[in-house]
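Here is a short briefing on one protein model. Keep the structure open as you read, and find each residue as it comes up.

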Amino acid sequence: MYTVNILQDSTAANYERFTFPAFRYVLQNIEIEKSVIAIAASDLDKPLGLVLAGIHQDDQLAQVHSIFVEATHRSAGIGTALLTRLETEVGKRGCTKIEMIYTTSKPTTPALERLLYKCNWTTPKTRMLLCKGSVQTVLEATWIHKYSRLPSAYNIFPWVEITAQERQTIQKQQETQAWIPEDLIPFQYENNLEPLNSLGLRYQGQVVGWVINHRLTSDTIRYTCSFVRKDLQKMGRIISLYAEAAKRQYEANILNGIWTVPIEHESMVNFVKKRWFPYLNSVDETRGTGKLLN
Ligand SMILES: CC(C)(COP(=O)(O)OP(=O)(O)OC[C@H]1O[C@@H](n2cnc3c(N)ncnc32)[C@H](O)[C@@H]1OP(=O)(O)O)[C@@H](O)C(=O)NCCC(=O)NCCS
């Protein structure tokens with residue numbers, strides 16, 4: 001047997017292992033966190049499951065951060081009970097919709113999608129490809145060597161060395177020509193970037209491309225944002241940037257890379273499927289789903 005309750009006091013800390021490390025501090029401060037709701041399933045004092053969500057009052061939106069049920073108690077309706085109670089509670093707090101983004105990397109993804117279906121959430125839509133691989137394997141790809149040498153009009157530089165003038169030029173060009181998709185503008189990703197292999201590409205003295213990366217763990221770097229000006233894309237200049245970035249992290253003994261490709265960037269998606277696929281450890285998806293609340 002189990003009961004489902006809102007967590008409102010210090011017992012919330014007993015559920016830390018049921019959410020991602022990034023949200024554990026929330027459980028420690030649940031008494032004062034007004035923008036978060038935690039609902040737990042337990043058998044007497046024994047924690048069995050947790051759903052955690054953020055509430056954005058201004059948008060009347062609830063965002064599920066995580067849902068987790070103890071492995072030994074799965075497929076017994078606990079996940080459904082947690083999500084159903086969450087919907088009711090966020091509805092009482094003024095939310096008119098609830099959303100969730102998750103990755104398909106877990107063995108229990110089919111169970112999660114079944115649960116969402118049972119609760120009448122929208123059919124999940126792919127948002128991004130999530131690629132993981134070892135840089136050594138990627139560097140062994142024969143076709144990548146073709147792009148390792150750039151003509152002399154190009155030069156790759158550490159992104160941290162971009163000049164104030166170059167920044168200004170990019171911004172001005174963007175205002176008049178909007179040549180960079182909004183989500184690939186590099187400046188928004190500079191916080192805590194990995195200096196080792198975040199790189200820029202100059203062509204005839206102009207900055208025309210970049211790969212901005214972040215260290216996730218001691219052995220893994222995320223390739224967060226990469227772009228090369230449209231007229232140069234067909235020449236595969238972005239591969240030269242990836243190859244150089246991969247080489248630099250390999251030489252520093254940081255052996256794993258992870259990167260996402262938004263599904264709307266069709267050419268990149270095709271590129272991953274056609275070229276990278278055999279050299280990656282896994283290609284998963286992030287998916288988004290939601291529900292309107294009455
Ligand atoms: C996803 C998760 C929360 C589901 O919890 P749960 O308590 O098992 O959920 P429920 O029992 O309410 O519903 C699961 C449904 O999926 C079904 N199911 C289980 N395994 C399945 C599979 N491999 N394929 C299809 N359906 C499956 C169950 O039979 C059940 O459906 P039913 O009620 O029609 O029989 C749980 O598996 C979990 O904690 N996974 C790990 C964490 C995770 O991945 N969280 C999501 C991202 S944060």
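Start at one strand pair: Asn155 stands opposite Arg202 in strand S8. The strand joined to S8 here is S7, and five bridges link the two, which run antiparallel. Bear in mind that this is a predicted model.

**The sheet**
- The model has an open sheet of 12 strands, and its pairing is mixed.
- The strand order is S1-S2-S3-S4-S5-S12-S6-S11-S10-S9-S8-S7.
- Strand S1 (3-6) and strand S7 (154-158) stand at the edges. Each has a single partner strand, so one side of each is left without a neighbour in the sheet.
- From one strand to the next, the twist averages 25°.
- Helix H8 (residues 237-251) packs on the sheet. H8 touches S7, S8, strand S9 (206-217), strand S10 (220-228) and strand S11 (256-262). The direction of H8 makes about 40° with that of S9.
- As background, strands of a sheet pair through backbone hydrogen bonds, either parallel or antiparallel.

**Strand S5 and its partners**
- Strand S5 covers residues 97-103, and its side chains alternate between two faces.
- Which residues of S5 are buried? Ile98, Met100 and Tyr102 are; they point to one face.
- Lys97, Glu99, Ile101 and Thr103 point to the other face and are not buried.
- Strand S4 (residues 61-69) runs parallel to S5, and four bridges join them. In this pair, Val64 stands opposite Met100, one of the buried residues of S5.
- Strand S12 (residues 282-292) runs antiparallel to S5, and seven bridges join them. Here Lys97 has Leu292 of S12 as its bridge partner.
- What do S4, helix H2 (residues 78-92) and S5 make together? They make a right-handed β-α-β unit.

**Around the ligand**
- There are 20 residues around the ligand. Arg74, Gly79, Thr80, Pro110 and Arg114 come nearest.
- Three elements give two or more residues to this shell: S4, H2 and helix H3 (109-118).
- Which element gives the most? H3 does, with six residues.
- By type, the shell divides into 10 nonpolar, six polar and four charged residues.

**Thr88 in helix H2**
- Thr88 is found in helix H2, the helix of the β-α-β unit.
- Is Thr88 buried or exposed? Thr88 counts as exposed because 11 C-beta neighbours lie inside 10 Å, and the cut-off for exposed is 12 or fewer.
- Thr88 and Asn294 are 206 residues apart along the chain. Their C-alpha atoms are separated by 9.4 Å.

**Two asparagines with positive phi**
- Asn120 is not a glycine, yet its phi is positive, at about 65°.
- Where is Asn120? Asn120 sits in the loop between H3 and strand S6 (125-134).
- Asn120 has 9 C-beta neighbours inside 10 Å, so it counts as exposed.
- Asn192 also has a positive phi, near 60°, and is a residue other than glycine.
- Asn192 lies in the loop between helix H6 (164-177) and S8. S8 is the strand that pairs with the edge strand S7.
- Asn192 has 8 C-beta neighbours inside 10 Å, so Asn192 counts as exposed.

Definitions and conventions
Residues numbered from 1 in each chain as written. Predicted model: local features only at pLDDT ≥ 70, side-chain atom pairs only at ≥ 80, totals over all residues. Buried ≥ 20, exposed ≤ 12 C-beta atoms within 10 Å, placed from the backbone. Pairing = 2+ DSSP bridges. Right-handed = clockwise from strand over helix to strand, strands pointing away. Near = placed C-beta within 6 Å. Nonpolar A, V, L, I, M, F, W, Y, C, P; charged D, E, K, R; others polar. Axes fitted to C-alpha atoms, helices over the stretch in contact; angles between N-to-C directions. Contact = placed C-beta atoms within 7 Å.
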